[in-house]
Amino acid sequence: MKLSEIKNHLKGLDKIGFQLPNGELVASHFHVTEVGKITKDFIDCGGKVRSEAVINFQLWEENDYDHRLHPEKLVHIIELSEKIFKFDDLEIEVEYQGKETIGKYNLDFDGTNFLLTSKLTACLAKDACGIPEEKPKLKIIEAEGSCCGPTSGCC
């Protein structure tokens with residue numbers, strides 16, 4: 001989800017909910033403690049120089065039940081960040097403290113809640129590493145009456 005999309009979704013909500021990949025909701029008394037831009041410059045395993053940038057939201061929860069984040073407040077924080085940092089309309093990455101470590105998630109929306117979706121790693125230079133492209137799996141469908149069916153007795 002891009003920054004412009006979250007702002008549009010927030011403008012139609014009365015309350016904000018974030019849902020983890022396992023279906024659990026982040027506690028309703030969460031805070032968005034940071035809104036920023038993260039830039040990553042790196043060289044992939046094939047030697048190609050790359051650069052990625054995302055807008056980062058950090059979610060945090062504590063035993064502060066009296067200060068819930070409302071949609072209009074988060075829109076204000078986002079717009080202030082855009083004004084100060086001159087953000088492009090980039091994809092959003094969300095950091096959330098799990099039981100053991102901080103997890104990084106992509107963001108989606110189901111009409112009610114923002115969904116924290118799993119991020120995956122991948123080799124960016126499969127050809128240079130000798131990793132073959134995955135061949136599409138074909139589903140073999142048995143034709144009725146085929147001479148080579150499991151009950152035909154031909155095998």
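pLDDT is the predictor's confidence in each residue, on a scale from 0 to 100. This is a predicted model, in which local features need pLDDT of at least 70, side-chain atom pairs count only at pLDDT 80 or more, and totals for chains, interfaces and linings use all residues. Residues are numbered from 1 along each chain as its sequence is written, and side-chain values use heavy atoms, with hydrogens and water left out.

**Figure 1. The whole chain: three helices and six strands.**
Helices (H or I, at least four residues) and strands (E, at least two) are DSSP runs, numbered from the N terminus. From that end, the elements follow the order α-β-β-β-α-β-β-β-α. The average pLDDT of the protein is 88, and 90% of the residues score at least 70. Among the elements, strand β6 (residues 114–118) has the highest mean pLDDT, 97. Helix α3 (residues 126–129) has the lowest, 82. The protein has 155 residues, and 30% of them are buried. Here buried means under 20% relative accessible area, exposed means over 50%, and partly exposed lies in between (1.4 Å probe, protein chains only). The accessible surface is about 11100 Å², computed by the Shrake-Rupley method with a 1.4 Å probe; for residues, only the protein chains shown count as cover. Carbon and sulfur atoms hold 51% of that surface. A contact means heavy atoms within 4.5 Å. Of the contacts with a separation of 6 or more, 62% join residues 24 or more positions apart.

**Figure 2. The sheet: six strands in an open arrangement.**
The strand order is β1-β6-β5-β4-β3-β2, and the pairing is mixed. Strands β1 (18–19) and β2 (31–43) form the edges, each pairing on one side only. Two strands pair if DSSP finds at least two bridges between them. In a regular strand the side chains alternate between the two faces of the sheet.

**Figure 3. The hairpin of β2 and β3.**
These two strands pair in the antiparallel sense over twelve bridges. D41 sits opposite S51 of β3. Five residues lie between the two strands. One residue of the turn, G47, has a positive phi of about 90°.

**Figure 4. D44, in the loop between β2 and β3 (49–60).**
Is D44 buried or exposed? D44 is buried, at 7% relative accessible area. The D44 side chain reaches the backbone nitrogen of G46 at 2.8 Å. The D44 side chain also makes a polar contact with the side chain of R50, at 2.7 Å. A polar contact is a pair of N or O atoms within 3.5 Å; within protein, one must be able to donate a hydrogen and the other to accept it, and residues adjacent in sequence count only if both atoms are side-chain atoms. The R50 and D44 side chains also meet in a salt bridge (2.7 Å, N to O). A salt bridge is a side-chain nitrogen of Lys or Arg within 4 Å of a carboxyl oxygen of Asp or Glu. R50 is partly exposed, with a relative accessible area of 25%. Leaving out residues up to four places away in sequence, D44 touches R50, L124 and A125.

**Figure 5. Strands β4 and β5, with a salt bridge between them.**
Strand β4 (residues 92–97) and strand β5 (residues 102–109) run antiparallel, joined by four bridges. E95 stands opposite K104 in β5. The side chain of K104 forms a salt bridge with that of E93 (3.8 Å, N to O). This pair links distant parts of the chain, K104 in β5 and E93 in β4, eleven residues apart. E93 is buried, with a relative accessible area of 7%. K104 is partly exposed, at 45%. Which residues share a salt-bridge network? E93, K104 and K119 are linked in one.

**Figure 6. A salt bridge between E79 and K11.**
Side chains of opposite charge can pair when their charged atoms come close. The side chains of E79 and K11 meet at 3.9 Å, N to O. The pair joins distant parts of the chain, 68 residues apart. E79 belongs to helix α2 (residues 71–85), and K11 to the loop between α1 (3–10) and β1. K11 is exposed, with a relative accessible area of 55%. E79 counts as partly exposed, at 35%. A search of the whole structure finds five salt bridges.
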